[in-house]
Amino acid sequence: MSATSDLKGRGPMLLAMVLAVLGYQINATMLSPALPDVIERLGTTTAAAGLSQTLFFLMAAIGQVTLARLSDRRGRKPMMIVCAFVLIAGNLMCVFAPNIEFFIAGRILQGISAAMFTLAFLTLNQLLTPAGFGKAAGVITAVNGGLAGVDAIAGGQIADTIGFRGIFVCSTLIAVAGLIGVRKYVPEVPATAPEGRFDSRGIAALAVGLTGILVGLAQGAAWGWTSVLTLGFLLGGLAALVFFVVSQKSAADPVIDIEVLASRRAWPLLLTTVCTLGGAFGAIALTIPLFSQDARVGLGLSAVTAAVLFLTPIQLIGVVSAPLTGRLGPRIGWRKIVVTGAVANFAIFLLATFFLHDEWVLVASLAALGVTYGGFMLTGLNGLAVTTAPKDKPGSLSGLNGACFGIGASLGIALASAMITAGSDAGGPTEAGYQHAMYAALALLGIGVVSAFLIQRPDPAEEPADEPQLVLAHH
């Protein structure tokens, strides 16, 4: 069966999924240029606004682990509907937020709805052939970069005209359309693990552990790295993660099988995801935007010019390359896609680091990331997580890998911020601070290259035939 015939008649379903994930994604991409407006209108601080971003990505990590695993038991479609309602509720809280505390609570709910991505991938994998899944996964992954860079510029325009609340009104309208589409066009798929109890203890320990470590990393520079508060979050989070690992060994139905997690099909993949997102996202979302607009030691560009030169090309090219990568993955293997992307990303960032002051070399380097990062890595990591997961727990590895996207993004931002802050003087960030942030990104990407090569090669006997995993009827 060809991918084209496999997807025939699935257009409305795929469109519904695109709308469902887009409702979440624009909250991640459109808000960044509107953060100053959030600070002004809510009368808050930069640190508090930054915390809202950290918790947004953190909850994205926790939500993907929890709801993806729960979908193994309750079904994919019901969890997609839950995600849509949670997103709409979070959007409305941000639209009517009277203060930063209410706004942060809304951002937390929005972050949880990131599980929609993982649920979409798992549903497509159950419904389509490997070739059809690759093509559809590429389309969904393309949405991961937003609207080809237009959304970042639109977010700034909305903030300048009607304020940040307009962004969440747009997200709500898209989320409602996605909810209607999911209810009407996404078929019910049988639960893959209908028996057993949900490991709420393990999920709670994982949530507390991730929250402690990522908030500690994100706020360490502001609180002081040796302060009681920072150490309390970091050590408390580490203790909770240790408890999580121990609890999984004795749990009747663990969130993730420790034996699987310890295997080379899992931990190198997860480490590659964390390091790839940490290195690339920290540089793309923080270091380079700050450096490009720094008039003292950077390029001194305007915000709009910096977005057009350094952000839009990555997203625009990624929208094209992600679906193409999705078609290529089942043909040559998802592992090869990931390894190739990891090596290429490192080489591109090496060039960008040493030519940071050369505007057009930097533009060309970041544009190339649209292929290697936006296409190969984001699509490849998602595809590999879905296709190599244990057959009896298909949501476990994919959900955990989805969580690693949020963990990596938070880690990258926290590390880049720490490097830039540490390298600042009385006049603000220095050239050395930006360089050290890029070196930190390179270090993470270098670890990602090594871990990518360590990912277990698929056993030919386990390679799926070009047949759907399940033959399902629409209800």
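Start with Phe349. Setting aside residues up to four places away in sequence, Phe349 touches Gly279, Ala280, Ala283, Ile284, Leu369, Met438, Leu442 and Leu445. Keep in mind that this is a predicted model.

Phe349 also belongs to the largest nonpolar core. That core has 127 residues. Phe349 is among those with the most contacts inside it, together with Phe103, Leu124, Ile140 and Phe310. Which helix gives the most to this core? Helix α4, residues 46-74, with 12 residues.

Now the overall picture. The protein chain has 19 helices and zero strands. It runs to 475 residues, and 59% of them count as buried. Look at contacts with a sequence separation of 6 or more: residues 24 or more positions apart account for 82% of those.

On to helix packing. I have three pairs.

Pair one brings us back to Phe349. Helix α16 covers residues 334-354, and helix α19 covers residues 431-454. They pack at an angle of about 160°, with their axes 9 Å apart. Angles over 145 degrees count as roughly antiparallel, so α16 and α19 are roughly antiparallel to each other. The crossing is left-handed. From α16, the residues in the contact are Arg335, Val338, Val339, Ala342, Val343, Asn345, Phe346, Phe349, Leu350, Ala352, Thr353 and Phe354. They meet Gln435, Met438, Tyr439, Leu442, Leu445, Gly446, Gly448, Val449, Ala452 and Phe453 in α19. Note Met438, Leu442 and Leu445: they were in the Phe349 list too.

Pair two is α5 with α10. Helix α5 is residues 76-95, helix α10 is residues 165-185. The angle is about 160°, and the axes are 9 Å apart. These two are therefore roughly antiparallel as well. α5 and α10 cross left-handed. On the α5 side, the residues include Met80, Ile81, Ala84, Phe85, Leu87 and Ile88. On the α10 side, they include Phe168, Val169, Ala175, Val176, Leu179 and Val182. There are charged and polar names in the contact, including Lys77 and Asn91 from α5, and Arg165 and Arg183 from α10.

Pair three is α2, residues 11-29, with α7, residues 115-127. Their axes come within 9 Å and cross at roughly 165°. That makes α2 roughly antiparallel to α7. Again, α2 passes α7 in a left-handed crossing. Met13, Leu14, Met17, Ala20, Val21, Tyr24 and Gln25 of α2 make the contact with Met116, Phe117, Ala120, Thr123, Leu124 and Leu127 of α7. Leu124 you have met already, as one of the core residues with the most contacts.

Next, cysteines. How many disulfides does a search of the whole structure find? Zero. Take Cys275. Why is it not bonded to Cys404? The two sulfurs are 9.7 Å apart, and Cys404 holds the closest cysteine sulfur to Cys275. A disulfide needs sulfur atoms within 2.5 Å, so 9.7 Å is too far for a bond. From the other side, Cys404 is in no disulfide, and its nearest cysteine sulfur is that of Cys275. Both residues are buried: Cys275 has a relative accessible area of 4%, and Cys404 has 7%.

Three single residues to finish.

Asn401 first. It lies in helix α18, residues 394-422. Buried or exposed? Buried, at 0% relative accessibility. Beyond four places in sequence, Asn401 touches Leu269, Leu270, Thr273, Leu381, Asn382 and Ala385. Its C-alpha atom is 8.8 Å from that of Ala266, with the two positions 135 residues apart along the chain.

Then Lys135, in helix α8, residues 130-143. Lys135 is partly exposed, with a relative accessible area of 21%. The cut-off for buried is under 20%, so 21% falls in the partly exposed class. Lys135 and Gly329 are 194 residues apart along the chain, yet their C-alpha atoms are separated by 8.9 Å.

Last, Gly300. Where does it sit? In the loop between α14 (267-293) and α15 (303-332). Gly300 is partly exposed, at 40% relative accessible area. Leaving aside neighbours within four places, its contacts are Ser292, Gln293, Asp294 and Ala295. Leu290 is 10 residues from Gly300 in sequence and 9.5 Å away in space, C-alpha to C-alpha.

Technical notes: Residues numbered from 1 in each chain as written. Predicted model: local features only at pLDDT ≥ 70, side-chain atom pairs only at ≥ 80, totals over all residues. Heavy atoms only, no water. Core = buried A, V, L, I, M, F, W, Y, C linked by side-chain atoms within 4.5 Å. Buried < 20%, exposed > 50% of the residue type's maximum accessible area, 1.4 Å probe, protein only. Helix = DSSP H or I, 4+ residues; strand = E, 2+ residues; numbered from the N terminus. Contact = heavy atoms within 4.5 Å. Axes fitted to C-alpha atoms, helices over the stretch in contact; angles between N-to-C directions. Parallel < 35°, antiparallel > 145°, perpendicular 65-115°, else oblique. Left-handed = near helix turned anticlockwise from the far one by under 90°.
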